[in-house]
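Subject: Structure handover

Hello,

Here is the structure for you to take over. Please open it first, then read my notes below.

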Protein chains: 4
Amino acid sequence: MKKPIKVAVIGGGSSYTPELIDGFIRRYAELPIQELVLVDIEEGSDKLRTIGELAGRMIQKAGAPIQLSTTLDRREAIRNADFVLTQIRVGMLEARSRDEKIPLKYGCIGQETTGAGGFAKALRTIPVILDICREIEELSPNAFLINFTNPAGIITEAVLKHAKVKTIGLCNLPIHTRMQTAKLMEVAPEEVQIEMAGINHLNWTTRIMIGGEDRTKEVIALHDRSDGLAVKNIPDHKWGEGFLASLQMLPCSYLKYYYLKDKMLQDQLEDLSGKGTRADAVRKVEDELFQLYADPELDHKPAQLEQRGGAYYSEAAVDLIASIYNNKRDVQIVNVRNDGILASLPDDAAIEVPCVISAAGAKPIALTEQLPLAATGLLQVVKAYEQLTVHAGVTGCYDSAWQALTIHPLVGASSLAKAILDDILQDNKAYLPQF
Amino acid sequence: MKKPIKVAVIGGGSSYTPELIDGFIRRYAELPIQELVLVDIEEGSDKLRTIGELAGRMIQKAGAPIQLSTTLDRREAIRNADFVLTQIRVGMLEARSRDEKIPLKYGCIGQETTGAGGFAKALRTIPVILDICREIEELSPNAFLINFTNPAGIITEAVLKHAKVKTIGLCNLPIHTRMQTAKLMEVAPEEVQIEMAGINHLNWTTRIMIGGEDRTKEVIALHDRSDGLAVKNIPDHKWGEGFLASLQMLPCSYLKYYYLKDKMLQDQLEDLSGKGTRADAVRKVEDELFQLYADPELDHKPAQLEQRGGAYYSEAAVDLIASIYNNKRDVQIVNVRNDGILASLPDDAAIEVPCVISAAGAKPIALTEQLPLAATGLLQVVKAYEQLTVHAGVTGCYDSAWQALTIHPLVGASSLAKAILDDILQDNKAYLPQF
Amino acid sequence: MKKPIKVAVIGGGSSYTPELIDGFIRRYAELPIQELVLVDIEEGSDKLRTIGELAGRMIQKAGAPIQLSTTLDRREAIRNADFVLTQIRVGMLEARSRDEKIPLKYGCIGQETTGAGGFAKALRTIPVILDICREIEELSPNAFLINFTNPAGIITEAVLKHAKVKTIGLCNLPIHTRMQTAKLMEVAPEEVQIEMAGINHLNWTTRIMIGGEDRTKEVIALHDRSDGLAVKNIPDHKWGEGFLASLQMLPCSYLKYYYLKDKMLQDQLEDLSGKGTRADAVRKVEDELFQLYADPELDHKPAQLEQRGGAYYSEAAVDLIASIYNNKRDVQIVNVRNDGILASLPDDAAIEVPCVISAAGAKPIALTEQLPLAATGLLQVVKAYEQLTVHAGVTGCYDSAWQALTIHPLVGASSLAKAILDDILQDNKAYLPQF
Amino acid sequence: MKKPIKVAVIGGGSSYTPELIDGFIRRYAELPIQELVLVDIEEGSDKLRTIGELAGRMIQKAGAPIQLSTTLDRREAIRNADFVLTQIRVGMLEARSRDEKIPLKYGCIGQETTGAGGFAKALRTIPVILDICREIEELSPNAFLINFTNPAGIITEAVLKHAKVKTIGLCNLPIHTRMQTAKLMEVAPEEVQIEMAGINHLNWTTRIMIGGEDRTKEVIALHDRSDGLAVKNIPDHKWGEGFLASLQMLPCSYLKYYYLKDKMLQDQLEDLSGKGTRADAVRKVEDELFQLYADPELDHKPAQLEQRGGAYYSEAAVDLIASIYNNKRDVQIVNVRNDGILASLPDDAAIEVPCVISAAGAKPIALTEQLPLAATGLLQVVKAYEQLTVHAGVTGCYDSAWQALTIHPLVGASSLAKAILDDILQDNKAYLPQF
């Protein structure tokens, strides 16, 4: 490589983008981006303009020689790109709000990325992401598609199975876990190495090395007594006394929707009739952020962005791109094809595990030990749900969609599955051409 | 073989036994049992005497040269047996009643063989069945252990993994499905062949051949419109319009606890506060049966036994034993070691599929097609639960027990799992020496 | 089924056909063939006429109501057939002679079905068999293709992978082994059941049941001291003292080309410069047979046919077809898709193992135990050779062909492989349109 | 870690040791060895003294604060070691000479590490290495066992399966391949990254990245025209025109014994009756080296050591130990447990692939693509041989030993296998207590 880099950010008008710009500026020395294109859809053109202007001020302030542009022409953005980043939200926050509310109508968890809510989001996103892949195949066949769009695991699996694009799915949870562990253990983040295994938003940290020593048991014990790995967007229930010690692993925060299903559902139902769903909260934060962004004096990432829930999002993205560009062969936890690493899942499934990152992309590393049954059972049923969802998302097969929701542990009954599915299809008609 | 046969029936005092005796008598020509020993525990000695006397009258009436005896000495019953049948109920109906009620306290399905109820029954049964295996290993190492005791899949897996005894797990559902299909399609039962796959009480009929022709779609369509495969002991809800057509398979009745979880739970809660649980109903039927059995004039299986819920139980047992004895190499659906037949499950898992039955035992046959994702997802998570349960049942490991219930789709939350587990351990103390 | 049966025999002019006709006549009661068409190619029309006339006399003598016809129009033969039997020899005995001689030039075993000779035969046969499949797909899509053509394993795998035809590969070795064992043990053949596992012409009998009892060790010991399983067309070397006891299995006769490679090669080289190759011997036998067949008085299978080497060929064929037609669900050893039965081979490989035969075809049965390493090592390398050969046969890929021969244990060096391959391609030009 | 390091070198009297000492000295800054113990057996005490004195002079000259000692007490050397290096030669060069000659008697390749020669060496080495493991388990249970002893793959597998010691098998071929490629392509070695896959001395380089770009085809083409990857101890035949292009991979030099079996055998037979076997040549070189080493003026690694055949041996060792010590997480190609990386081999097989090296040891990385059939066929049969050999080496089972040699492609006939095996057992009696 070592040629000038072009990066296209699809969904460039996102409120997260300043985070990313900040990362690109800070790491310019090792990742000298020449051309950076922010692209969005017509409905997002106002936001794109606001973000573009803020990004321009940030870059100018830093004095980085990055050529920034914004456009509504996705093909032009993709043409000759080296990296295409996707952070799209098909249907925008209105759709997210519906995703959270529909399942709750039927007594099921309503969440953006997990369960029936994530399912709806996947159905809307798959056609768009595959369109983007078709364009990459035509216009920049050697580009890497770095996908942040949730549900990141399902989207990665859809691309792996239905496109010829080199892709890596990215989530900020792995870095978040490392950072929180460093804080908890009072060591420098670079001293901490974690082995996390599973699929996106359904994974377990099985091993924590600090300074080359295995400190897993100690960290689990500490978490068992503390609040666990809290993330901004997930209610902060404790795991329950002794549960982490019993599990002997550190589950990711999204596993609270499974392990603490009853409490989480109760919370959501209370929020629904009270302060509103998470989408409502996010909308408010976003409105405030965009007001800040629009300030022509603002030339840096505002502190309030941290509240948004995407901590370390920028680190994750820049770390990944820089390691590919510089052929670093370091270890990062990303979403890739399984290829035998998790023996309990199919070879062609997308999984989230430690990978070696080089110019050739991300290759998963064998785990110290296979995941225990307490994890594989859940993993397998949720992966079966994901496979059915990918199939439904690509083909518009109603039966696959119905069966997908039927077996999902957060739905788990065919009658509920059908009611939820029919509502989803009805309310998302405009975004589901495949059905 | 072709030597005189000795059969030992452990739990010989069961109300089902006259069914079995009836079968042995009717099929005496092909299965010439010389010695038949009914054995039970001290607490069941009254019932054993009643059953023994009835069986004696039945055999005498038939004029079959079977030497019948009853005993409380299990070792003597097992010594030199060719077939050891286990139809035990550790803790008797009192325990079953608790198994059904504890999960309901926490809003979970309470069922004898499935979910947390079946889990409790497994924990009680595993130590006893392994004791029996130790005796077989010592006293009749070439005997076949034919197990009907529920949860038959888990018990079979425990024996396969922790004993050196040749074992086959048996359920009446496969024959029941064949018989009901024959009735529905108005053909002779011997015209019907079914391919059923999965694990005990969690399986799907994927293919129905009538007179050598594949009639699967037609039968599924008929069931979609009818009541489905009803069995006496499971509430008779419809599958829901279009569900079977969507699934393209015929689920066994126990899958209603999954697919219709909400309705089934509602039913159980209503029964609990009304007519009582299934255990209560069974107790009443049993009391009536034993009153009939005690009648010194009765010398045949009374018609009321059919109400008990074990239809075709005798056929299943005698078919299996006769095929082994006569080295028939016919096809029957039983519980055996997987050995690669179901690609989605471990090789050492107990599965329920069509097998060739010969003097060498039961060997599973490759399926026409692997099960679809709609089935494998559920299968895998429930099998993970079963593996953890076997481990907990053998070792008394609290953590395995907790994780087992946590991932079971009919429990599905660690907080509920813990509460249920603690109640189970408390209420079954006398039967759980391993904990 | 139970409708009138039409059978098409492709390669109907073969000297083996009277064997088959004899079987059809003897078993007419259970397999009432209405229409029997013998088809062959132009070059074989004389033989076809001779065979057709003899078959006509045999059928007439038996008084069986089978409508017999001969034709050169393969499409007409296949149209509406229920069973298509293929017993073709592309390139006729001339090609076989070359197959046996080319490898010997380079110091490698030259054999009709195994090693480089079988490889050449596979390359010639694959295009023809796939043409036949295309016609079956069009003209009788529900027909079973029963293939005897060697190398039967490779041909079956080519059809399984590259056609949509229901196919079963058939060899007379399994019945032969059973019959020889019956003779050796002085019991009736129907008392003997064998478990044979591997791939066609590279398999091991792992278990011998006589009257329901495991007599494996005894039979192996007897063979160790006797001549082993001799077949007419393989030189009769002893296995070597202690070898079978060491192996604890009974290898098929073709394994002598591996285990006794040095002696077998020595034999072949001597024959080559002496009495001629096996093809020369067969040619002589065939000439004599056709002289007999042409006798208008002959109305039965002549005794000399037994010398030809295809003992039990007719039994194997009629057993298989009759079990499919009558939906018998009995056990026969045939070539089918692996589907997890042999854990050491890919799921889509053709293997030869005990199968349940029904109207639905042949489904393999789980083995009592997986094959030991002493067998799997050879199996895997030869199966890799077979996979490469199928690929080369279908696509004409020179590199696959070269690598196939390079790794075959009876060639085993790239330099020899290239020399042999180039000779094969040169000498078979007329039959290798794919290259 | 970061504590003072103790390294024990078993077989410290080897002529290779100065190479290793040289590496330890040069890399002292990153690998600060505090205590270095060279240990050998009584028969090697003279050599050990010579090497110890030379090493002392080298360390003194460098001024490195390494405490060096020599001992015949293996337990003391192992006690509290952090790294135990094994470079032993059970039976010394006399045994190697026999290993090379016995197979040649029967027309089979006679080579130190491959085929029947390597087999004999494995049988002698396994009992000793497992004794060492027992001592490590007792005296330094956290130590890493770094094994160079050939056949390194078999020895590693024996330790993985029969000991609880953390072990990594090491060979200089991977670095050698990288270095030769760098030279061939005229780039710096650190620019070259290779993906090599298979098992020790039977592997293929499937992918060559130079400066982050895939240059595989180009490098293969160059090798096809040049001498290929020559190593000092393997005769330098060309691969044959077009062979590498056909294979699309770069085979390791030891694969010449397979692909060019006929030529290599011819060479060996000529050498045997002429200049002597490789063991004879090595003995001469060793004698010369020890004369040099004994010179009290010599205080550095003499240039002649390069002729010995172990190029880059020191780099490989120090790279590995330094990465473990410093928890580097860089990528090196070593021998480890498969764990799903090579889908064609068992999970518990030792394989040689790129691994991430950290304080936790070596973990294999998923391959860009699974190996093609041209490689897997050979790999599987040789791995089956290795598994049987490990079993024979551990248990002394004659049958496993016989079957192992029978299926090895460089023997391949049971009669030859028996003759060779009996000679090996006879001539190595003193070193084979297990038989």
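Chain A and chain B meet through 35 residues of chain A and 35 residues of chain B. Keep in mind that this is a predicted model. The two chains bury about 2,600 Å² between them. Carbon and sulfur atoms account for 59% of that area. Three residues of chain A stand out: A:S246, A:L373 and A:Q403. Together they supply 20% of the area that chain A buries against chain B, more than any other three residues.

What about charge pairs here? Between chain A and chain B there are 0 salt bridges. Polar contacts do occur: 8 residue pairs, both partners at pLDDT 80 or more.

Which helices of chain A face chain B? Each of these supplies at least two residues to the side of chain A that touches chain B:

- α9 (243–247)
- α10 (256–259)
- α11 (261–273)
- α14 (373–395)
- α15 (398–407)
- α16 (414–427)

The largest share comes from α14(A), with 9 residues. By class, the side of chain A that touches chain B holds 18 nonpolar, 11 polar and 6 charged residues.

**Chains C and D**

Now the other pair. Here 34 residues of chain C are in contact with 35 residues of chain D. The buried area between chain C and chain D is about 2,600 Å². Of this, 59% comes from carbon and sulfur atoms. C:S246, C:L373 and C:Q403 give 20% of what chain C buries against chain D, more than any other three residues.

The salt-bridge count between chain C and chain D is 0. The interface has 8 residue pairs in polar contact, again with both at pLDDT 80 or more. Several helices of chain C supply at least two residues each to the side that touches chain D, among them α9 (243–247), α11 (261–273) and α16 (414–427). The largest share, 9 residues, belongs to α14(C). The side of chain C that touches chain D divides into 18 nonpolar, 10 polar and 6 charged residues.

How does chain C relate to chain D? A turn of 180° and a shift of 0.0 Å along the axis lay chain C on chain D, with an RMSD of 0.0 Å. That is why the relation is one of a two-fold axis. The same surface serves both copies, as 100% of the contact residues of chain C recur in chain D.

**Inside chain A**

Next, the domains. The domain assignment splits out domain 1 (5–170) and domain 2 (375–431) in chain A. Their centres, taken over C-alpha atoms, lie 24 Å apart. Domain 1 of chain A brings 29 residues to the contact, and domain 2 of chain A brings 25 residues.

Between them, domain 1 and domain 2 of chain A bury about 2,300 Å². Carbon and sulfur atoms give 72% of this area. A:I102, A:Y106 and A:F119 supply 27% of the area that domain 1 buries against domain 2, more than any other three residues.

How many salt bridges cross the interface of domain 1 and domain 2 of chain A? There are 2 salt bridges. A:E157 forms a salt bridge with A:K383, and their closest N and O atoms are 2.6 Å apart. The domain interface also has 6 residue pairs in polar contact, both at pLDDT 80 or more.

On the domain 1 side, α4 (92–105), α5 (115–139) and α6 (152–162) of chain A each supply at least two residues that touch domain 2. The largest share is that of α5(A), with 11 residues. By class, the domain 1 side has 17 nonpolar, 6 polar and 6 charged residues.

**Salt bridges overall**

Over all chains, the count comes to 120 salt bridges. One example is in chain A, where the side chains of A:K61 and A:D299 meet at 3.9 Å, N to O. This pair links distant parts of the chain, 238 residues apart. A:K61 sits in helix α2 (residues 45–62) of chain A. A:D299 sits in the loop between α12 (278–293) and α13 (313–325) of chain A.

Over to you.

Best wishes

Technical notes: Residues are numbered from 1 along each chain as its sequence is written. Chains are lettered from A and ligands numbered from 1 in the order in which they are written. This is a predicted model: local features need pLDDT of at least 70, side-chain atom pairs count only at pLDDT 80 or more; totals for chains, interfaces and linings use all residues. Side-chain values use heavy atoms; hydrogens and water are left out. Domain bounds come from an automatic or database domain assignment. Contact means heavy atoms within 4.5 Å. Buried area is the accessible area (1.4 Å probe) that two parts lose on being put together, summed over both. A salt bridge is a side-chain nitrogen of Lys or Arg within 4 Å of a carboxyl oxygen of Asp or Glu. A polar contact is a pair of N or O atoms within 3.5 Å; within protein, one must be able to donate a hydrogen and the other to accept it, and residues adjacent in sequence count only if both atoms are side-chain atoms. Helices (H or I, at least four residues) and strands (E, at least two) are DSSP runs, numbered from the N terminus. Ala, Val, Leu, Ile, Met, Phe, Trp, Tyr, Cys and Pro count as nonpolar, Asp, Glu, Lys and Arg as charged, and the others, Gly among them, as polar. Copies are superposed by least squares on the C-alpha atoms of residues with pLDDT of at least 70 in both.
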